[in-house]
Amino acid sequence: MQKYMVIEWIKVGCWDAAYTRFHEQGRFLPPGLNYLNSWPNKEISVCYQLMETSNPELLELWISHWDDLTDFEVVPID
């Protein structure tokens, strides 16, 4: 399994929509993509998430559920 640091920037004006979607519908994690932990910045405009998967295509599938509200950077962790 490969670990990934996912840096998620919430788009301007989208915090309420992202928060509502998450609390009403969850993370949208496809089977095989594991959420390990997350840390928001002080302003709650950036979230650092540690994920794990053996199939990196699952990250793209997960991101597709959120990319209307957030921008992402995915960094493999050794």
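Leu58 lies in helix H2, and in this predicted model that residue offers a convenient place from which to begin. With a relative accessible area of 15%, Leu58 falls under the 20% cut-off and is therefore buried. Apart from its neighbours within four places in sequence, Leu58 is in contact with Pro30, Pro31, Gly32, Leu33 and Thr53. Val75, by contrast, is 17 residues from Leu58 in sequence, and the two C-alpha atoms are 14 Å apart in space.

Leu58 is one of several buried residues in H2, a helix that spans residues 57-64; the others are Leu59, Trp62 and Ile63. Viewed down the axis of H2, these buried residues fall within an arc of 140°, so they line one face of the helix. The general geometry of helices helps to explain such a pattern: an α-helix has 3.6 residues a turn, so residues three or four places apart point the same way. On the other side of H2, Glu57 and Glu60 are exposed. The cover over the buried residues of H2 includes four strands, namely E1 (2-10), E2 (33-40), E3 (46-53) and E4 (70-77).

Among these strands, E3 deserves a closer look. Of its 8 residues, 7 are buried, and the strand is accordingly described as mostly covered. E3 runs antiparallel to E1, to which it is joined by 8 bridges, and Met5 has Leu50 in E3 as its bridge partner. E3 also pairs with E2, again in the antiparallel sense, over 7 bridges, and here Ser38 stands opposite Gln49 in E3. E2 and E3 form a hairpin with 5 residues between them, and in the turn Ile44 has a positive phi of about 55°.

A positive phi is also found at Phe28, where the value is about 65° although the residue is not a glycine. As background, most residues other than glycine have a negative phi. Phe28 lies in the loop between H1 and E2, and its relative accessible area of 24% makes it partly exposed.

The loop that holds Phe28 leads back to H1, the helix in which Ala18 has its place. Ala18 counts as buried, at 9% relative accessibility. Once the neighbours within four places in sequence are left aside, Ala18 is in contact with Trp66 and Leu69. Ala18 and Leu69 are 51 residues apart along the chain, yet their C-alpha atoms are separated by 6.3 Å.

H1 also takes part in the largest pocket, and the search for such spaces rests on a simple idea. Rolling a probe the size of a water molecule over the atoms shows where empty space is left. In this model, about 340 Å³ of space lies in the largest pocket. The pocket is lined by 17 residues, and those nearest its centre are Glu8, Trp15, Phe22, Arg27 and Cys47. At least two residues of the lining are supplied by each of E1, H1 (15-25), E2 and E3, while the largest share, 5 residues, comes from H1. By chemical character, the lining divides into 11 nonpolar, 4 polar and 2 charged residues.

Taken together, these elements recur in more than one setting. E1, E2 and E3 are among the strands that cover the buried residues of H2, and each of these three strands also supplies at least two residues to the lining of the largest pocket.

Note on methods
Residues numbered from 1 in each chain as written. Predicted model: local features only at pLDDT ≥ 70, side-chain atom pairs only at ≥ 80, totals over all residues. Heavy atoms only, no water. Buried < 20%, exposed > 50% of the residue type's maximum accessible area, 1.4 Å probe, protein only. Arc of directions from axis to C-beta. Contact = heavy atoms within 4.5 Å. 1 Å grid on protein atoms, 1.4 Å probe; cavity = no way out; pocket = protein on both sides within 12 Å on 5 of 7 lines; lining within 4 Å. Points joined across faces, edges and corners; volume = space filled by probe spheres on them. Nonpolar A, V, L, I, M, F, W, Y, C, P; charged D, E, K, R; others polar. Pairing = 2+ DSSP bridges.
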